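Biologist: I am new to this structure and would like a close look at a single part of it, the aromatic rings and what lies around them. Could you take me through that part slowly, and then set it beside the sheet?

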Amino acid sequence: MIGAALLLPPPLARTILAQSTPQPQAAPAATFARRGMIASNSELASTAGIEVLRQGGNAVDAAVATGFALAVVYPQAGNLGGGGYMLIRMADGRTAALDYREVAPLSATRDMYVAPDGKVTAGSTVGYRASGVPGAVAGLYAAQRRYGRLPLSVVMRPAIRLASDGFIVDSATNRSIAGDSALIARFSGRSVFLPGGAPPPVGSRFRQPALAATLRLIARGGERAFYRGSVATTLAADMRANGGNITRADMARYRPVWRTPIVTDFRGFTLLTMPPSSSGGVTVGESLNIVASFPAVPPFGSAEYLHRLASAYQRAFVDRNSRLGDPAFVPVPLGELTSKRYAARLAAGIGSSHTPTAILTRATGESGESSETTHYSVVDAVGNAVSTTTTLNGLYGSGVYIASAGFFMNNEMDDFTVQPGTPNMFGLVMDTRNAIAPGKRMLSSMSPTIVLDSARRLLLVVGARGGPRIITATSQVILNVVANRMTLAQAMRAPRVHHQALPDTLYAEPGAISAPVLDSLTAMGYAVKPTPGVAKVDAVVRVPGGYEGMDDPRNGARAVGY
Ligand code: DON
């Protein structure tokens, strides 16, 4: 995607940017239901969660069912070999944030991906050395144990069925496997995902017996089966045989962390969002606080609106990239970064034109979104809500597939600062606070968020996939709902922009910037570039009589309710 955005010659770029207002084409609609709703990247996975709601499960049971089902039907990002973040708000007002991010293996070192000549190797992105210790199973298990109502074996039943009986391959799954066949073919996933050298054909039934066996082990034995039992043994043996870093000891010591959600507000609405080790909640909160420091939000799509947004993102990302890291290892100025006073000070520095990022920081980067994560938003009949983002980082992670256990491993080590000043796969240029250390969590952009209305009733459950663009997309959908007064479908369809400080570029989706506004922004000093898409959001909103849910029209899976 990086290339697609950057290779366009300027006149063509201008034409694309100037396709002014959103096209009234066959506009995708939100799903409405009275009692419960799940929006995820996969209709099959959402249906798995709804099945559990119908059986008397609550939103946490349904989220866990959806999470395990995504590991089966959405193997490019749904996972057992990755990690993520979950934000929970129960209808009785209890809130929790669960950090089940991967950690660096015990043998990891700060410069493990830097060659003797000082150049960064591909080790953090592909192959056995790219993985952090997976947190997904421990996270889903911990959430279900603390907040779920049904036995884990019931919650996992739909995922086990999808893995063992198989599911019918659709064109999106077929295309996804084909698109990454070179990576998959390098490791042992090839016999499962490329039988006979090609992806399973559209319409065929795709079974994953090894994955079904692993899921059964977890359903029976809980997380211990994964972290201390045969899965850990087989994973560690595979790693050892192939130069990987994760050992049985790494697996045995993995723990998810319960954290206190960040609570912030935007013009009377309350935002509950994810604290570090993700940067997501801080950066969403900080940028919205900057926007809220001005007396009014300018009209959607105007030059002033885009200037405010871009300036807010630019400043919040400067902080994200230099002042955040795993709070167990480095000081994190959470109070300052999420305070209104600090936001007001940053807002006061926003003038009538663009401030180059170079004035705030040094270095350059490129912004890309070439990989996949998966977000799902869940609500149940009594108003319990779960917002979860999980990932392998890149599509199919590191490419490494633990054949006897049936899952792909993450390449999350690339989210660390592999070398200060060198952009990572998302173009993020980060500081030493996010340097690699054994047992440390790599900084993330995942931003699962829950918004309450002025009466503190559940309003919106939202989050996204798309690397650092998760932050800008999530905050724009929030703004669209609470400030721009859009319906969920309008809020999701509305074209988005992205700025991450470095590169010092305002990325715009088709239709985001009209021709006169482009002229104004250019005159203000912005470098504007087209981008095909700014992340993919999954959201549920409370409406009179029930809920609306929607997977991002940029992806297009149907949200499922009942
Ligand atoms: O944690 C992060 O910020 C990244 N590993 C997320 C990766 C991602 O969203 C890729 N999806 N498009």
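Modeller: A charge counts as sitting over a ring if NZ of Lys or CZ of Arg is within 6 Å of the ring centre and within 35 degrees of the ring normal. In this model, which is predicted, Arg469 lies over the face of Tyr507, at 5.1 Å from the ring centre, and Arg308 lies over the face of Phe294, at 4.0 Å from the ring centre.

From charges over rings we can turn to rings beside rings, for the structure holds twelve aromatic pairs. One of them joins Phe226 and Tyr227, whose ring centres are 4.9 Å apart and whose planes stand at 65 degrees; since planes over 60 degrees apart count as edge-to-face, that is the class into which this pair falls. Phe226 is buried, with a relative accessible area of 0%, and Tyr227 also counts as buried, at 4% relative accessibility.

Another pair is made by Tyr396 and Phe408, which are likewise edge-to-face, with 5.2 Å from centre to centre and 70 degrees between the planes. Tyr396 belongs to the loop between β11 (385-391) and β12 (401-402), whereas Phe408 is in strand β13 (residues 407-408), so their pairing ties together parts that are twelve residues apart in sequence. Tyr396 has a relative accessible area of 0% and is therefore buried, and Phe408, with 4% relative accessibility, counts as buried too. These two rings also belong to a cluster, in which ring pairs link Tyr396 and Phe408 with Phe167, Phe193, Phe206 and Tyr401.

The loop that carries Tyr396 follows β11, and this strand leads us to the sheet. Seven strands form an open sheet in the order β7-β4-β3-β11-β10-β2-β21, with antiparallel pairing. Its edges are β7 (257-259) and β21 (560-561), each of which pairs on one side only. At the β21 edge, two bridges join that strand to β2 (residues 37-39), and the two run antiparallel; Met37 has Gly561 in β21 as its bridge partner. Helix α4 (residues 59-73) packs on this sheet, where it touches β2, β3 (83-89), β10 (373-379) and β11, and the direction of the helix makes about 155 degrees with that of β10. Strand β11 is thus a useful place to begin when you look at the model: it lies between β3 and β10 in the order of the sheet, it is touched by helix α4, and the loop between it and β12 holds Tyr396, the partner of Phe408.

Terms used:
Residues are numbered from 1 along each chain as its sequence is written. This is a predicted model: local features need pLDDT of at least 70, side-chain atom pairs count only at pLDDT 80 or more; totals for chains, interfaces and linings use all residues. Side-chain values use heavy atoms; hydrogens and water are left out. Rings of Phe, Tyr and Trp (its six-membered ring) pair if their centres lie within 6.5 Å; planes under 30 degrees apart count as stacked, over 60 as edge-to-face and the rest as tilted. Buried means under 20% relative accessible area, exposed over 50%, partly exposed in between (1.4 Å probe, protein chains only). Helices (H or I, at least four residues) and strands (E, at least two) are DSSP runs, numbered from the N terminus. Two strands pair if DSSP finds at least two bridges between them. Contact means heavy atoms within 4.5 Å. Axes are lines fitted to C-alpha atoms, for helices over the stretch in contact, and angles run from 0 to 180 degrees between N-to-C directions.
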